[in-house]
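Could you walk me through this structure in plain language? I'd like to know what holds it together at the level of side chains, and which spots in the backbone deserve a second look.

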Amino acid sequence: MYHSKIAGLGYYVPSNVVTNDDLSKIMDTNDEWIQERTGIQERRHIIRGEDTTTSMGVKAAKIAIERSGVAKEDIDFVVFATLSPDYYFPGPGVLVQRDLGLRTVGALDVRNQCSGFVYAISVADQYIKTGMYKNILVIGSEVHSTGLDMTTRGRGVSVIFGDGAGAAVLSREEDLSKGILSTHLHSEGEHAEELALQAPGMGARWVTDIIADNDPNDESYYPYMNGQFVFKNAVVRFAEVINEGLEANGLQVSDIDMLIPHQANLRISQFIQNKFKLTDDQVHNNIQKYGNTTAASIPIALTEAWEQGKIKSGDTVVLAAFGSGFTWASAIIKW
């Protein structure tokens, strides 16, 4: 039995910065309204033709691979987390294998939205623990901007989300006191429709139905979120899954050196920080700059924290996420 460790990290965000003031020019909103509710000041949106979910994932992956010291020929497997694939099928995992010029290794796509990267880390961790693979590339990447309702009607959701990608190379660690100590995954499908994009879907409204109806008021192909309900569930599940991870490893809240929460809403992160009585130095938030990038938010924030010297050898790092599904997850890492 082995542990897995994060050997390299990287992230990429588009160059196109979209401020709250920019959004106020195309919908009835303003900087104060957005910051008060979400903490977001700006986000990145792709420029069509320059970036895709896959291409951003590839750019982040190249940085992570270089930093890991692992040759791309030694990557054994790819796990790609996203809700916004380039194509309905195939998924972006195989596109990354192609575009990076990897061997014909396996590629797996994970569809767990905001919890996607932690789920992907957990999958990769199990493969490495059992000895099946030695080096696994894990990516979280999202393009939200091209699928949002950028009008006043959609402002409750559209102001929140941004585009970007993050990646990690997981490698075998023989010292069982280091690396990923445990991961914890949960779901509650009872609330699936409270945060969802339901069309086009094979089970309900497909593209042909949308075209046939030709209804300008049809919102089924835009994301829907019951914001207050999501918030109330998020703060409970975040706390539960963090505590679950700490208890599983005999750790206390005081042992946390760095918490990287999914960047859903700054108010959620602040609520959890206050609940656990963590200092600003123990929590890394960047939603102010990037918005909610769903599966990309944790690897982007984790990479930033590491680059800024906030994570050092021997630190206990906690990753935690909650989102659509509902799904929620945590990972406890000894750096």
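There are 14 salt bridges in this structure, and bear in mind as you look at them that the model is a predicted one. The general idea is familiar: oppositely charged side chains can pair when their charged atoms come close. Let's go through a few of the pairs here.

Start with Arg-205 and Asp-218, which form a salt bridge whose closest N and O atoms are 2.7 Å apart. The two partners come from distant parts of the chain, 13 residues apart. Arg-205 sits in the loop between β9 (195-196) and α7 (207-213), while Asp-218 is in the loop between α7 and β10 (224-225). How open is each partner to the outside? Arg-205 has a relative accessible area of 22%, so it is partly exposed. Asp-218 comes in at 10% relative accessibility, and the cut-off for buried is under 20%, so Asp-218 counts as buried.

Lys-289 and Glu-304 make another salt bridge, with an N to O distance of 2.7 Å. Because Lys-289 is in helix α10 (residues 287-290) and Glu-304 is in helix α11 (residues 297-307), this pair ties together parts of the chain that are 15 residues apart in sequence. Here too you'll find a buried acid facing a partly exposed base: Glu-304 is buried at 3% relative accessibility, whereas Lys-289 is partly exposed at 35%.

Next up is Asp-315, which forms a salt bridge with Lys-312. The closest N and O atoms in this pair are 3.7 Å apart. Asp-315 has a relative accessibility of 8%, so it counts as buried, and Lys-312, at 48%, counts as partly exposed.

Salt bridges can also join up into a network, and that is what you see with Glu-188, Arg-237 and Glu-240. Arg-237 and Glu-240 fall within the residue range of helix α8, which spans residues 227-248, so that helix is a good place to go next.How do α8 and α9 cross? The axes of α8 and α9 (residues 266-275) come within 10 Å, and they cross at roughly 40 degrees. That angle makes α8 oblique to α9, and the crossing is right-handed. On the α8 side, the contact is made by Phe-231, Ala-234, Val-235, Phe-238, Ala-239 and Ile-242. From α9 come Arg-267, Ile-268, Phe-271, Ile-272 and Lys-275. Sort these residues by class and you get nine nonpolar, two charged and no polar ones.

Carry on past α9 and you reach Phe-276, in the loop between α9 and α10. Is Phe-276 buried or exposed? At 9% relative accessibility, Phe-276 counts as buried. Leaving out residues up to four places away in sequence, Phe-276 touches Ala-239, Ile-242, Asn-243 and Val-253. Two of those names should ring a bell, as Ala-239 and Ile-242 also take part in the contact between α8 and α9. If you want to place Phe-276 relative to Asp-315 from the salt bridge with Lys-312, the two are 39 residues apart in sequence and 18 Å apart in space, C-alpha to C-alpha.

Now for the backbone, beginning with the prolines. A cis peptide bond joins Phe-89 to Pro-90, with omega at about 0 degrees. You'll find Pro-90 in the loop between β4 (77-81) and α4 (92-100). The peptide bond from Ala-199 to Pro-200 is cis as well, with omega near 0 degrees. Pro-200 lies in the loop between β9 and α7, which also holds Arg-205, the partner of Asp-218.

Two other residues are worth a look for their phi angles. Asn-214 has a phi near 45 degrees, a positive value in a residue that isn't glycine. Asn-214 is in the loop between α7 and β10, and Asp-218 is found in that loop too. Thr-294 is another non-glycine residue with a positive phi, this time near 50 degrees. Thr-294 lies in the loop between α10 and α11, the helices that carry Lys-289 and Glu-304.

Which of these residues is buried, and which is exposed? Asn-214 has a relative accessibility of 64%, so it counts as exposed. Thr-294, at 1%, counts as buried.

Notes: Residues numbered from 1 in each chain as written. Predicted model: local features only at pLDDT ≥ 70, side-chain atom pairs only at ≥ 80, totals over all residues. Heavy atoms only, no water. Axes fitted to C-alpha atoms, helices over the stretch in contact; angles between N-to-C directions. Helix = DSSP H or I, 4+ residues; strand = E, 2+ residues; numbered from the N terminus. Parallel < 35°, antiparallel > 145°, perpendicular 65-115°, else oblique. Left-handed = near helix turned anticlockwise from the far one by under 90°. Contact = heavy atoms within 4.5 Å. Nonpolar A, V, L, I, M, F, W, Y, C, P; charged D, E, K, R; others polar. Salt bridge = Lys/Arg side-chain N within 4 Å of Asp/Glu carboxyl O. Buried < 20%, exposed > 50% of the residue type's maximum accessible area, 1.4 Å probe, protein only.
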